[in-house]
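Q: I am new to this structure and should be grateful for a close look at a single part of it. Please take the place where the chains touch, and then set that part in its surroundings.

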Amino acid sequence: MDIQLKRGLLDVCVLSALKFDDSYGYKIIKDIKPYLTISESTLYPILRRLESAGMITEYSVEHNGRLRKYYRITQKGKERLDAFSQEWEEITAIQRFVTREDKNQ
Amino acid sequence: MTKNEFLNILQKNLMNMSENERHHYTEYYSEIIDDSIEDGMSEQEAVASLGNIDGIMEQINTSGSVATSAKRRISVFGVIIFICASPVWLSFFGIYIAIWAVLAALYAADFAMAISGLAGMAAFLFILSNPASAFAVLGYSIFSVGLSIIACIGLNRLDFYFIRFTKWIFRSLKNFLTKEET
């Protein structure tokens, strides 16, 4: 997949992984992996980017005697997900245009 | 590789980052390893699943603009302390300048020694009529050129450590006078 496209999709996938529940690094990767290849080192900059864009917030929770960082989607993050759904409709329309058959044949 | 070994190597590779950023990265990878172990992997497997350190560093470096180090701004408290403490650090600054002056003087002396040695070698050819003096002068010249070379190497080392010391002072000063924006 095109790198730029994948980059945009990964942002959306991370937001989507937080759509219903707050989550942590390892679980986010596990949730996304069936759909898109993502490594631990890829996730970190995405989380930082989304956080500085105000789309997610983080907080720490004690878990088994250590701190685990959880991420929560913000209103702005939810709006990004909605915008993505609309954008995707446009992309599907483009895809139909790209793959159309010649009517004259 | 154990978790601690991995985190140590990671830390060493992140030396050019701010302390804050380094801490974030270490915390992140430490958590991922702990979660993998909790999920049933052995410690070694958990570390291996992250891939090799070069690949991780490449990812970190290419995403550098994304995970930028925290911006720094002037710390008012630091500046006030810096101004109030000026009588103390100005006197140390005097010593610092004096050390550079001593180094410059030593270089000049070293240079003079090398020149006198070379001049002696040239003179040797002109006073060959008196072999005893001529060879004494040649001996002195070789000795003095040799000594100046050894002294130059020594001075270079001194320079090196002193420049490193200067860099360290500037870095510490920068950290003291500014603080990371959170």
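How many residues of chain B are in contact with residues of chain A?

A: The model discussed here is a predicted one. In it, 14 residues of chain B are in contact with 13 residues of chain A. On the chain B side, two elements give two or more residues each to the surface that touches chain A, namely α2 (19-38) and α4 (53-62) of chain B. Of these, α2(B) provides the largest share, with six residues. Sorted by class, the side of chain B that touches chain A consists of seven nonpolar, four polar and three charged residues.

The chain to which this side belongs may be described next. Chain B contains seven helices and two strands. Following the sequence, these elements appear in the pattern α-α-α-α-β-α-α-α-β. Chain B has 182 residues, and 10% of them are buried. Among the contacts in chain B with a separation of 6 or more, 65% join residues that are 24 or more positions apart.

The partner, chain A, can be approached through its helix α1, which covers residues 3-17. Its 15 residues, at 1.5 Å a residue, should span 21 Å, and the C-alpha atoms at its ends lie 20 Å apart, so the expected and computed values agree. Four residues of α1(A) are buried: Leu10(A), Val14(A), Leu15(A) and Ala17(A). Viewed down the helix axis, the buried residues of α1(A) fall within an arc of 170°, and therefore they line one face of the helix. Gln4(A) and Leu5(A), by contrast, are exposed on the other side of α1(A). The buried residues of α1(A) pack against several elements of chain A: the helices α2 (25-32), α3 (40-52) and α4 (75-98), together with the strands β1 (23-24) and β3 (66-73).

Those two strands lead to the sheet of chain A. It is an open sheet of three strands in the order β1-β3-β2, with antiparallel pairing. The edge strands of this sheet are β1 and β2 of chain A, each of which pairs on one side only. As a general point, strands of a sheet pair through backbone hydrogen bonds, in either a parallel or an antiparallel arrangement.

The pairing of β1(A) with β3(A) is antiparallel and runs over two bridges. In this pairing, Ser23(A) has Tyr71(A) of β3(A) as its bridge partner, while Tyr24(A) stands opposite Tyr70(A) in β3(A).

On the other edge, strand β2 of chain A, residues 56-63, pairs with β3(A) in the antiparallel sense over eight bridges. Ile56(A) stands opposite Ile73(A) in β3(A), and His63(A) stands opposite Arg66(A) in β3(A). The two strands β2(A) and β3(A) form a hairpin with two residues between them. In the turn of this hairpin, Asn64(A) has a positive phi of about 50°.

To return to the part requested, the contact involves 14 residues of chain B and 13 residues of chain A, and α2(B) gives the largest share of the chain B side.

Definitions and conventions: Residues are numbered from 1 along each chain as its sequence is written. Chains are lettered from A and ligands numbered from 1 in the order in which they are written. This is a predicted model: local features need pLDDT of at least 70, side-chain atom pairs count only at pLDDT 80 or more; totals for chains, interfaces and linings use all residues. Two residues are in contact if their C-beta atoms, placed from the backbone, lie within 7 Å. Ala, Val, Leu, Ile, Met, Phe, Trp, Tyr, Cys and Pro count as nonpolar, Asp, Glu, Lys and Arg as charged, and the others, Gly among them, as polar. A residue is buried if 20 or more other C-beta atoms lie within 10 Å of its own, exposed if 12 or fewer, and partly exposed in between; C-beta atoms are placed from the backbone. The expected span of a helix is 1.5 Å times one less than its number of residues. The arc is that of the directions from the helix axis to the C-beta atoms. Two strands pair if DSSP finds at least two bridges between them.
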